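Please look at the backbone angles and the surface of this protein model. A short report follows.

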Amino acid sequence: MTAPYAGHPRPTPREIEPVVPGFSDDFSAVLDTVTGHRSTIGCVIPAYNEEESIGAVLQSLLGQTRVPDVIHVVVNNTTDATVKIASEFAGPHEITTDLGEQFTEVFVHDIGKNPDKKVGALNYGYSLVEGYDYLLGVDGDTVADPRAVEYLETEAVSDSRIGGISAIYSIDDRPIKGLVGKFLIAGQRTQFAAFNLQNLLRGRNMAVLGGQFSIFSTTALREVMKANHQTSPWVKDSEVEDSLLSLQIKSAGYLTKISPYARADVGGMTTLRGYDAQQVKWTYGSIELMWPGQRGDTKGQPFHPNLRLRWWENLGMLTNLFVRVAFLTLLAGSLSIGAFVFSPLWLIPPVVAVLLNLRIAYTMTSRNGRDVAFAGLMVPAEVFMWIRISHFLRSWTRFLSRKKVDNWAMQAKAERGGGSAHWMPLVLLIAVIVAMSVIWSMLGPVVQSTILWVGWPIVGVVTVLQTLTMVFKLLRRHQGYKV
């Protein structure tokens, strides 16, 4: 990814001085002064405690070659200076870009305590821009490349079948400090790259129109609301409001796409507890969409085309869990009775995995030495895989327990530095190891030999199939796509 604002000056509040103060109750006048674009775009930014990033987000939007016709910052449940900083940008702006003179206006809405959190802020913003052709959803910590809106609008206008288009996401790792933070961000960058690449190679069908930086046809949103008897596009029943809306748009007969050109840097998680809470919330919400008969309006749709990738992801995580646990268990058992025999064939799977990770790293437009080292050294990627496996286990355990948990609140608590649930998988792993060691020591030599005799072939077959899958991905043409 090219650096934000490459080739374009980074605007600041002083460079784009509002003519008069902006007020949230006169935004409709913006439509009357829109300059001759092929379509109209209303931007909605749901913001919760985004004082560190909201200024850069607004700067990037005002620095776009195609500036949104109106920008609404919807601040909810905030306890920091988000409103104060965003208000520095409030008001009308006349901007000259590569596409000519453009006009936009920024409005800041502090809706106070909002029980529906981000969903409530999004729906509030939708009510302000439903008369526009497109709604541009931007997270309060997402900074887009200067031509991102231009690319999204151009493709959306070119095909009336498109209900929404997402940008390619990554994370700017330059400001990240600390060894743990850099490690987690490197893993998340690789995770984003692999996910984006999968969607690009599947006909550019985007399984999830992420709220970080996506454009939606308001016509498609209205049809979704009508088809599902909703009064707003986003529903509060789901843990993953963007995934559910993407499914509904697809079900309404529209395309959900990913742009091969538009790019945006999102906010990453730099602590284990924050990353754990985010991933558990996302995975838990995805399971609800996959599994029939869940709470509220979040009905399970296991055969929905947008969920095929989710099923493969969960199957892949289950395979990774089985292969690693079974291999280590059988290896320990073999060593304990002196039956260990090394085979060079065991090196093939990790070598293929490293080559695949390197190939993914080299598809990243903003790759750096840290990305290549993360992929090539094997150990960082392996540790990160175990972290992801812990999220997978916690999500399914929480789901199968039927325990009602506010995952939004738990993520917010984790980002504030609270909670210790992210250590639970490690505690359970240690307990399982101790229990298995005790049980193994109680078995007779014949039973131990039988377990090894049966176990190794099973692990071998699964590992071969997994390796063949990785080889297929390694040899698959990327069609020139870069993530």
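Helix α10 is followed by G338, which has a positive phi near 70°. Helices here are DSSP runs of H or I with at least four residues, numbered from the N terminus. The model is predicted: local features need pLDDT of at least 70, side-chain atom pairs need 80 or more, and totals for chains, interfaces and linings use all residues. Residues are numbered from 1 along each chain as its sequence is written, and side-chain values use heavy atoms, without hydrogens and water.

How far apart are the end C-alpha atoms of α10? They are 42 Å apart. Helix α10 covers residues 308-336, and its 29 residues should span 42 Å, so the two values agree. The expected span is 1.5 Å times one less than the number of residues.

Most residues other than glycine have a negative phi. Two residues here go the other way, though neither is a glycine.

| Residue | Phi | Loop between | Relative accessible area |
|---|---|---|---|
| H229 | about 55° | α7 (218-227) and α8 (241-251) | 74%, exposed |
| M378 | near 70° | α12 (369-376) and α13 (379-400) | 38%, partly exposed |

Exposed means over 50% relative accessible area, buried under 20%, and partly exposed in between (1.4 Å probe, protein chains only).

Now the surface. L426, L429, I430, I433, V434, V438 and M442 form a nonpolar patch. Together they have about 650 Å² of accessible area, computed by the Shrake-Rupley method with a 1.4 Å probe. Patch residues have over 30% relative accessible area and no salt bridge, and nonpolar side chains are joined within 5 Å. A salt bridge is a side-chain nitrogen of Lys or Arg within 4 Å of a carboxyl oxygen of Asp or Glu. V438 sits in helix α15 (residues 424-442). V438 is partly exposed, at 43%.

Definitions and conventions. Helices (H or I, at least four residues) and strands (E, at least two) are DSSP runs, numbered from the N terminus. Patches are made of residues with over 30% relative accessible area and no salt bridge: like charges are joined within 9 Å, nonpolar side chains (Val, Leu, Ile, Met, Phe, Trp, Tyr) within 5 Å.
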